[in-house]
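The following exercises are to be solved from the coordinates, each with a worked solution.

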Amino acid sequence: MIHERNVRARRVSRREIAMKVVIPGGSGQVGTILARALHHEGHDVVVLSRRPQPQPWRVVEWDGVSLGAWANELNGCDTVINLAGRSVNCRYSAANRKEILESRVMSTRLVGQAIAATARKPSVWLQASTATIYSHRYDAPNDEASGLIGGAEPFAPSTWRFSIDVARAWEAAFDAAVVPGTRKVALRSAITMSPDRGGAFDTLLGLVRLGVGGSAGDGRQFVSWIHDEDFVAAVRWLVARGDVEGVVNIASPNPLPNAEFMRALRQAAGQPFGLPASRLMLETGAVFLRTETELILKSRRVVPGRLLALGFAFKHPLWRDAADDLYRRWLRARHRQARVA
């Protein structure tokens, strides 16, 4: 009886604090992580997607280019979290570059126009950005106050400069949006690690399990990352913190060199060795896999200066512990899938 009363009390509490959260571009890997967590907590989640698929939460079609009926979802909602943008896991051909840039800039402008036109504006607009905006460096970490914006590094490939140009344009579109009464926060996010199939962790773990999960290049480049539970917690925290606006780095406080990162992942998976891949091997493989080596070779030494200064507590601040947790969850998920099959 006491247990039933406690359950009912928690449900009442959830209803009292439930938010309506609209997530443009929320059908990708990170959006699904966020939608799933918020929906589980009892919030009214609405994902805007170009290709709607059935989900436990509502999914509404939009094209990311023009205003339509989808814009009604923003009127009176509490939070907008815009994650829209074409995947960068591709070759940077002229056509792909155009789509990567326009999908981010145009959708950000569009969300701003939709918010500005609402009678009851959302309290907060969280806008995806990227930690890739920072310089390729080894000497010191990049935080929001003292971090170096990239693009002028000696010998940086044009693909790296392109990514920084995209990040700058993305944030410029967000800054230009005039939405009085709505707090704006730009999320410079590192790679979100989750056990979901097809994500970054799943891909890297696949290499480890094949015995080819050694260091990439010279292994000195820093890997910035964030555990999926900390990503969701940081988003929740930023929504609740009415005094925080502007740029916020969403990353673990402990980035580490690629060689150490991969070693910890191999240890978590119980794999005693991993063949390394030279830069030339990676460049060749990237052509066949239709991706870019920037995703692996650029040193992203990014730290969450503002989150730490304002008291946000990370559940998984160290990669060694995070990798152990993610691997255990990955195994449980695969075992469940095997039983269902």
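**Exercise 1.** Determine which residues make the nonpolar surface patch of about 490 Å².

Solution. Patch candidates have over 30% relative accessible area and no salt bridge (a side-chain nitrogen of Lys or Arg within 4 Å of a carboxyl oxygen of Asp or Glu); nonpolar side chains are then joined within 5 Å. The accessible areas come from the Shrake-Rupley method with a 1.4 Å probe. The patch consists of L207, L210, V212, F273 and L275. Of these, L207 is located in helix 5 (residues 200–209), and its relative accessibility of 36% makes L207 partly exposed, a class between buried (under 20%) and exposed (over 50%).

The model is predicted: local features need pLDDT of at least 70, side-chain atom pairs count only at pLDDT 80 or more, and totals for chains, interfaces and linings use all residues. Residues are numbered from 1 along each chain as its sequence is written, and side-chain values use heavy atoms, leaving out hydrogens and water.

**Exercise 2.** Establish whether I226 is buried or exposed, and what it contacts.

Solution. I226 belongs to strand 9 (residues 225–227); strands are DSSP runs of E with at least two residues, and helices runs of H or I with at least four, numbered from the N terminus. Its relative accessible area is 0%, so I226 is buried. Beyond neighbours within four places in sequence, its contacts (heavy atoms within 4.5 Å) include A190, M193, F231, I250 and F314. From I226 to F273, the C-alpha distance is 25 Å, at a sequence separation of 47 residues.

**Exercise 3.** Check the span of helix 3 (residues 94–116).

Solution. The expected span is 1.5 Å times one less than the number of residues. For 23 residues this gives 33 Å, and the end C-alpha atoms are 33 Å apart, which agrees. Buried residues of helix 3 include I100, V105, L110 and I115; among the elements covering its buried residues are strand 1 (20–24) and helix 4 (158–176).

Note on methods: Buried means under 20% relative accessible area, exposed over 50%, partly exposed in between (1.4 Å probe, protein chains only). Patches are made of residues with over 30% relative accessible area and no salt bridge: like charges are joined within 9 Å, nonpolar side chains (Val, Leu, Ile, Met, Phe, Trp, Tyr) within 5 Å.
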